[in-house]
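Here are my notes on the model you sent round. I've kept them as numbered points, so take them in whatever order suits you.

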Amino acid sequence: MASLQQASISLQPKLLSSSQHPRSLPSLNLSFSATFPSLKLSTTRPLHGGAKMSASAASSYATALADVAKSNSTLDATSSDVEKVETIFSDPQVLEFFTNPTIDVLKKRQVLDEIVSSSELQPHTANFLNILVDAKRIDLIKEIVKEFELVYNQLTDTELAVVSSVVKLESQHLAQIAKQVQKLTGARNVRIKTMIDPSLVAGFTIRYGSSGSKLIDMSVKKQLEEIAAQLDLGDIQLAV
(Lines give C-alpha, C1' and ligand atoms only; values in the text may rest on other atoms or scores of the structure.)
Protein backbone atom coordinates (compact mmCIF):
# COMPACT_ATOMS: atom_id res chain seq x y z
CA MET A 1 0.00 0.00 0.00
CA ALA A 2 1.45 3.29 -1.01
CA SER A 3 -0.23 6.56 -0.10
CA LEU A 4 0.70 10.20 0.06
CA GLN A 5 -0.59 12.52 2.73
CA GLN A 6 -1.19 16.25 2.59
CA ALA A 7 2.02 18.14 1.96
CA SER A 8 3.00 21.79 1.92
CA ILE A 9 5.05 22.77 -1.10
CA SER A 10 6.78 26.03 -1.96
CA LEU A 11 6.00 26.91 -5.57
CA GLN A 12 6.30 29.78 -8.01
CA PRO A 13 3.80 30.30 -10.85
CA LYS A 14 6.38 30.12 -13.63
CA LEU A 15 5.67 27.68 -16.45
CA LEU A 16 8.09 25.92 -18.77
CA SER A 17 7.32 25.77 -22.45
CA SER A 18 6.99 22.28 -23.94
CA SER A 19 10.44 22.65 -25.51
CA GLN A 20 12.15 23.61 -22.25
CA HIS A 21 13.63 21.27 -19.69
CA PRO A 22 14.51 21.98 -16.06
CA ARG A 23 18.09 23.11 -15.67
CA SER A 24 17.92 25.70 -12.92
CA LEU A 25 15.45 26.33 -10.13
CA PRO A 26 13.84 29.75 -9.57
CA SER A 27 13.34 31.19 -6.10
CA LEU A 28 9.84 30.84 -4.72
CA ASN A 29 7.59 32.53 -2.24
CA LEU A 30 4.15 31.13 -3.06
CA SER A 31 2.87 28.42 -0.72
CA PHE A 32 0.81 25.62 -2.18
CA SER A 33 -0.95 22.78 -0.44
CA ALA A 34 -1.92 19.59 -2.25
CA THR A 35 -3.63 16.41 -1.15
CA PHE A 36 -2.79 13.27 -3.08
CA PRO A 37 -5.19 10.31 -3.18
CA SER A 38 -4.15 6.88 -1.99
CA LEU A 39 -3.23 4.34 -4.63
CA LYS A 40 -3.75 0.66 -3.95
CA LEU A 41 -0.59 -1.16 -4.92
CA SER A 42 0.15 -4.84 -4.86
CA THR A 43 2.62 -5.68 -2.11
CA THR A 44 3.59 -8.97 -3.71
CA ARG A 45 7.28 -9.04 -4.62
CA PRO A 46 9.46 -11.80 -6.03
CA LEU A 47 11.90 -13.17 -3.49
CA HIS A 48 14.86 -13.06 -5.84
CA GLY A 49 16.04 -10.92 -8.74
CA GLY A 50 16.25 -7.13 -8.74
CA ALA A 51 14.96 -6.91 -12.32
CA LYS A 52 11.88 -8.97 -11.46
CA MET A 53 11.20 -6.80 -8.41
CA SER A 54 11.45 -3.64 -10.51
CA ALA A 55 9.10 -5.13 -13.11
CA SER A 56 6.61 -6.08 -10.41
CA ALA A 57 6.76 -2.60 -8.87
CA ALA A 58 6.30 -0.94 -12.27
CA SER A 59 3.32 -3.18 -12.99
CA SER A 60 1.76 -2.32 -9.62
CA TYR A 61 2.14 1.41 -10.16
CA ALA A 62 0.81 1.20 -13.73
CA THR A 63 -2.20 -0.85 -12.62
CA ALA A 64 -2.93 1.63 -9.85
CA LEU A 65 -2.89 4.55 -12.29
CA ALA A 66 -5.14 2.65 -14.71
CA ASP A 67 -7.57 1.84 -11.88
CA VAL A 68 -7.86 5.53 -11.00
CA ALA A 69 -8.36 6.46 -14.66
CA LYS A 70 -10.98 3.75 -15.12
CA SER A 71 -12.86 4.83 -12.00
CA ASN A 72 -13.22 8.41 -13.24
CA SER A 73 -13.73 7.46 -16.93
CA THR A 74 -10.52 9.10 -18.17
CA LEU A 75 -8.65 6.09 -19.57
CA ASP A 76 -8.10 7.67 -22.99
CA ALA A 77 -7.06 11.03 -21.54
CA THR A 78 -4.74 9.31 -19.08
CA SER A 79 -3.19 7.32 -21.90
CA SER A 80 -2.51 10.63 -23.64
CA ASP A 81 -0.93 11.92 -20.41
CA VAL A 82 1.31 8.87 -20.22
CA GLU A 83 2.51 9.52 -23.77
CA LYS A 84 3.46 13.06 -22.75
CA VAL A 85 5.25 11.74 -19.67
CA GLU A 86 7.17 9.27 -21.82
CA THR A 87 8.34 12.11 -24.07
CA ILE A 88 9.34 14.32 -21.14
CA PHE A 89 11.35 11.65 -19.35
CA SER A 90 13.01 10.41 -22.54
CA ASP A 91 15.27 13.44 -22.15
CA PRO A 92 18.32 12.15 -20.21
CA GLN A 93 18.74 15.49 -18.42
CA VAL A 94 15.19 15.40 -17.10
CA LEU A 95 15.49 11.80 -15.91
CA GLU A 96 18.88 12.50 -14.31
CA PHE A 97 17.45 15.52 -12.46
CA PHE A 98 14.57 13.58 -10.92
CA THR A 99 16.63 10.50 -10.04
CA ASN A 100 19.52 12.48 -8.53
CA PRO A 101 19.46 11.68 -4.78
CA THR A 102 21.38 14.85 -3.90
CA ILE A 103 18.59 17.14 -5.15
CA ASP A 104 15.97 18.05 -2.56
CA VAL A 105 12.52 16.52 -3.03
CA LEU A 106 10.84 19.92 -2.73
CA LYS A 107 12.92 21.22 -5.62
CA LYS A 108 11.91 18.20 -7.69
CA ARG A 109 8.27 18.86 -6.85
CA GLN A 110 8.67 22.48 -7.87
CA VAL A 111 10.00 21.59 -11.32
CA LEU A 112 7.45 18.81 -11.67
CA ASP A 113 4.64 21.28 -10.98
CA GLU A 114 5.92 23.50 -13.79
CA ILE A 115 6.14 20.55 -16.18
CA VAL A 116 2.62 19.42 -15.24
CA SER A 117 1.24 22.90 -15.90
CA SER A 118 2.98 23.37 -19.25
CA SER A 119 2.01 19.86 -20.40
CA GLU A 120 -1.59 20.25 -19.16
CA LEU A 121 -1.63 16.90 -17.39
CA GLN A 122 -4.72 15.81 -15.51
CA PRO A 123 -4.71 16.25 -11.70
CA HIS A 124 -4.56 12.51 -10.97
CA THR A 125 -1.62 12.09 -13.38
CA ALA A 126 0.19 14.95 -11.67
CA ASN A 127 -0.55 13.40 -8.28
CA PHE A 128 0.78 10.08 -9.51
CA LEU A 129 4.08 11.64 -10.58
CA ASN A 130 4.39 13.34 -7.19
CA ILE A 131 3.88 9.97 -5.51
CA LEU A 132 6.71 8.49 -7.57
CA VAL A 133 9.01 11.38 -6.66
CA ASP A 134 8.20 11.13 -2.95
CA ALA A 135 8.57 7.34 -2.96
CA LYS A 136 11.88 7.66 -4.86
CA ARG A 137 10.52 5.40 -7.62
CA ILE A 138 10.63 7.89 -10.50
CA ASP A 139 13.48 5.79 -11.88
CA LEU A 140 10.81 3.25 -12.88
CA ILE A 141 8.98 5.71 -15.12
CA LYS A 142 9.97 4.05 -18.43
CA GLU A 143 8.91 0.62 -17.18
CA ILE A 144 5.68 2.08 -15.78
CA VAL A 145 4.87 3.61 -19.18
CA LYS A 146 5.30 0.22 -20.87
CA GLU A 147 3.20 -1.55 -18.25
CA PHE A 148 0.46 1.07 -18.44
CA GLU A 149 0.26 0.59 -22.21
CA LEU A 150 -0.28 -3.14 -21.68
CA VAL A 151 -3.00 -2.56 -19.07
CA TYR A 152 -4.69 0.09 -21.20
CA ASN A 153 -4.68 -2.17 -24.26
CA GLN A 154 -6.24 -5.02 -22.27
CA LEU A 155 -8.95 -2.82 -20.76
CA THR A 156 -9.92 -1.25 -24.09
CA ASP A 157 -9.32 -4.25 -26.41
CA THR A 158 -6.70 -2.22 -28.24
CA GLU A 159 -3.95 -3.59 -30.46
CA LEU A 160 -0.75 -1.55 -30.44
CA ALA A 161 0.99 -1.31 -33.81
CA VAL A 162 4.43 0.30 -34.00
CA VAL A 163 5.02 1.73 -37.46
CA SER A 164 8.62 2.55 -38.34
CA SER A 165 9.47 4.58 -41.44
CA VAL A 166 12.21 6.79 -42.84
CA VAL A 167 9.94 9.85 -42.97
CA LYS A 168 6.73 10.71 -41.18
CA LEU A 169 3.76 8.99 -42.83
CA GLU A 170 0.59 10.87 -43.72
CA SER A 171 -2.44 10.40 -41.47
CA GLN A 172 -4.43 8.68 -44.24
CA HIS A 173 -1.66 6.11 -44.69
CA LEU A 174 -1.61 5.43 -40.94
CA ALA A 175 -5.39 5.02 -41.02
CA GLN A 176 -5.07 2.40 -43.77
CA ILE A 177 -2.41 0.58 -41.76
CA ALA A 178 -4.68 0.63 -38.70
CA LYS A 179 -7.53 -0.93 -40.71
CA GLN A 180 -5.27 -3.71 -41.95
CA VAL A 181 -3.98 -4.48 -38.45
CA GLN A 182 -7.57 -4.53 -37.20
CA LYS A 183 -8.48 -7.08 -39.86
CA LEU A 184 -5.48 -9.23 -38.96
CA THR A 185 -6.06 -9.17 -35.20
CA GLY A 186 -9.81 -8.70 -34.79
CA ALA A 187 -9.16 -6.05 -32.12
CA ARG A 188 -11.87 -3.50 -31.41
CA ASN A 189 -9.35 -0.65 -31.54
CA VAL A 190 -5.90 -0.16 -33.06
CA ARG A 191 -3.43 2.34 -31.66
CA ILE A 192 -0.62 3.45 -33.96
CA LYS A 193 2.75 4.46 -32.54
CA THR A 194 5.19 5.91 -35.06
CA MET A 195 8.98 5.81 -35.09
CA ILE A 196 11.58 7.19 -37.49
CA ASP A 197 14.18 4.66 -38.67
CA PRO A 198 16.57 5.95 -41.39
CA SER A 199 18.10 2.48 -41.81
CA LEU A 200 14.98 1.30 -43.65
CA VAL A 201 16.01 3.34 -46.73
CA ALA A 202 12.35 3.65 -47.78
CA GLY A 203 9.01 2.02 -47.04
CA PHE A 204 7.94 1.01 -43.54
CA THR A 205 7.60 -1.82 -41.05
CA ILE A 206 4.72 -2.71 -38.73
CA ARG A 207 5.18 -4.54 -35.44
CA TYR A 208 2.15 -5.78 -33.52
CA GLY A 209 1.05 -8.68 -31.35
CA SER A 210 2.39 -9.64 -27.93
CA SER A 211 5.57 -7.62 -27.30
CA GLY A 212 5.75 -6.81 -31.02
CA SER A 213 6.21 -10.46 -31.92
CA LYS A 214 4.64 -10.10 -35.39
CA LEU A 215 6.28 -8.11 -38.17
CA ILE A 216 5.12 -6.81 -41.54
CA ASP A 217 8.18 -5.59 -43.41
CA MET A 218 7.47 -3.34 -46.39
CA SER A 219 10.85 -1.61 -46.34
CA VAL A 220 13.37 -1.21 -49.15
CA LYS A 221 16.00 -2.45 -46.71
CA LYS A 222 14.34 -5.88 -46.68
CA GLN A 223 14.09 -5.93 -50.46
CA LEU A 224 17.78 -5.08 -50.77
CA GLU A 225 18.66 -7.83 -48.28
CA GLU A 226 16.61 -10.34 -50.30
CA ILE A 227 18.33 -9.29 -53.52
CA ALA A 228 21.73 -9.58 -51.85
CA ALA A 229 20.83 -13.07 -50.61
CA GLN A 230 19.80 -14.13 -54.12
CA LEU A 231 23.08 -12.85 -55.51
CA ASP A 232 25.07 -14.79 -52.94
CA LEU A 233 25.71 -17.83 -55.16
CA GLY A 234 28.79 -19.04 -53.35
CA ASP A 235 31.84 -20.17 -55.30
CA ILE A 236 31.31 -20.05 -59.03
CA GLN A 237 33.37 -22.32 -61.30
CA LEU A 238 34.04 -20.73 -64.67
CA ALA A 239 34.45 -22.99 -67.69
CA VAL A 240 37.84 -22.71 -69.39
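1. I'd start with the lining of the largest cavity: Leu65, Val82, Val85, Thr125, Phe128, Leu129, Ile141, Ile144 and Val145. Bear in mind throughout that this is a predicted model. By class, eight of the lining residues are nonpolar and one is polar, with no charged residue in the set.

2. Which helices supply at least two residues each to that lining? They are H2 (75–89), H5 (123–134) and H6 (141–156). The volume of this largest cavity comes out at about 60 Å³. A search of the whole structure turns up two cavities of 30 Å³ or more.

3. Now for the largest pocket, which holds about 550 Å³ of space. Its lining runs to 19 residues, and Glu149, Leu150, Leu160, Ser211 and Gly212 are the ones nearest the centre. H6 turns up again here, giving the largest share of the pocket lining with six residues. At least two lining residues each come from H6, strand E3 (158–165), strand E4 (189–196) and strand E5 (204–208).

4. How does the pocket lining divide by class? There are six nonpolar, seven polar and six charged residues. Set that beside the lining of the largest cavity, where no charged residue appears.

5. Following E5 onwards, glycine 209 sits in the loop that leads from E5 to strand E6 (214–217). Is glycine 209 buried, exposed or partly exposed? It counts as partly exposed, because its relative accessibility is 26% and that class covers the range between the buried limit of 20% and the exposed limit of 50%. Glycine 209 also has a partner worth a look: threonine 185 is 24 residues away in sequence, and the C-alpha atoms of the two are 8.1 Å apart in space.

6. Two loop residues deserve a check of their backbone angles. Serine 73 has a phi near 55°, a positive value in a residue other than glycine. The residue lies in the loop between helix H1 (50–71) and H2. Serine 73 is exposed because its relative accessible area, 67%, is over the 50% cut-off.

7. The second is glutamate 120, whose phi is also positive, at about 55°, although the residue is not a glycine. Where is glutamate 120 placed? It lies in the loop between helix H4 (105–119) and H5. With a relative accessible area of 64%, glutamate 120 is exposed.

8. On the surface, Val201, Leu224, Ile227 and Leu231 make a nonpolar patch of about 390 Å². One of these, isoleucine 227, belongs to helix H8 (residues 220–231). Isoleucine 227 is partly exposed, with a relative accessible area of 44%. That value is over 30%, so isoleucine 227 meets the accessibility cut-off for joining a patch.

9. Last, the overall layout. The protein chain has eight helices and six strands. Read from the N terminus, the order of elements is β-β-α-α-α-α-α-α-β-α-β-β-β-α. Of the 240 residues in the protein chain, 36% are buried.

Notes. Residues numbered from 1 in each chain as written. Predicted model: local features only at pLDDT ≥ 70, side-chain atom pairs only at ≥ 80, totals over all residues. Heavy atoms only, no water. Patch = residues over 30% accessible without salt bridge, like charges linked within 9 Å, V, L, I, M, F, W, Y side chains within 5 Å. Areas by Shrake-Rupley, 256 points an atom, 1.4 Å probe, with all protein chains shown as cover. Salt bridge = Lys/Arg side-chain N within 4 Å of Asp/Glu carboxyl O. Helix = DSSP H or I, 4+ residues; strand = E, 2+ residues; numbered from the N terminus. Buried < 20%, exposed > 50% of the residue type's maximum accessible area, 1.4 Å probe, protein only. 1 Å grid on protein atoms, 1.4 Å probe; cavity = no way out; pocket = protein on both sides within 12 Å on 5 of 7 lines; lining within 4 Å. Points joined across faces, edges and corners; volume = space filled by probe spheres on them. Nonpolar A, V, L, I, M, F, W, Y, C, P; charged D, E, K, R; others polar.
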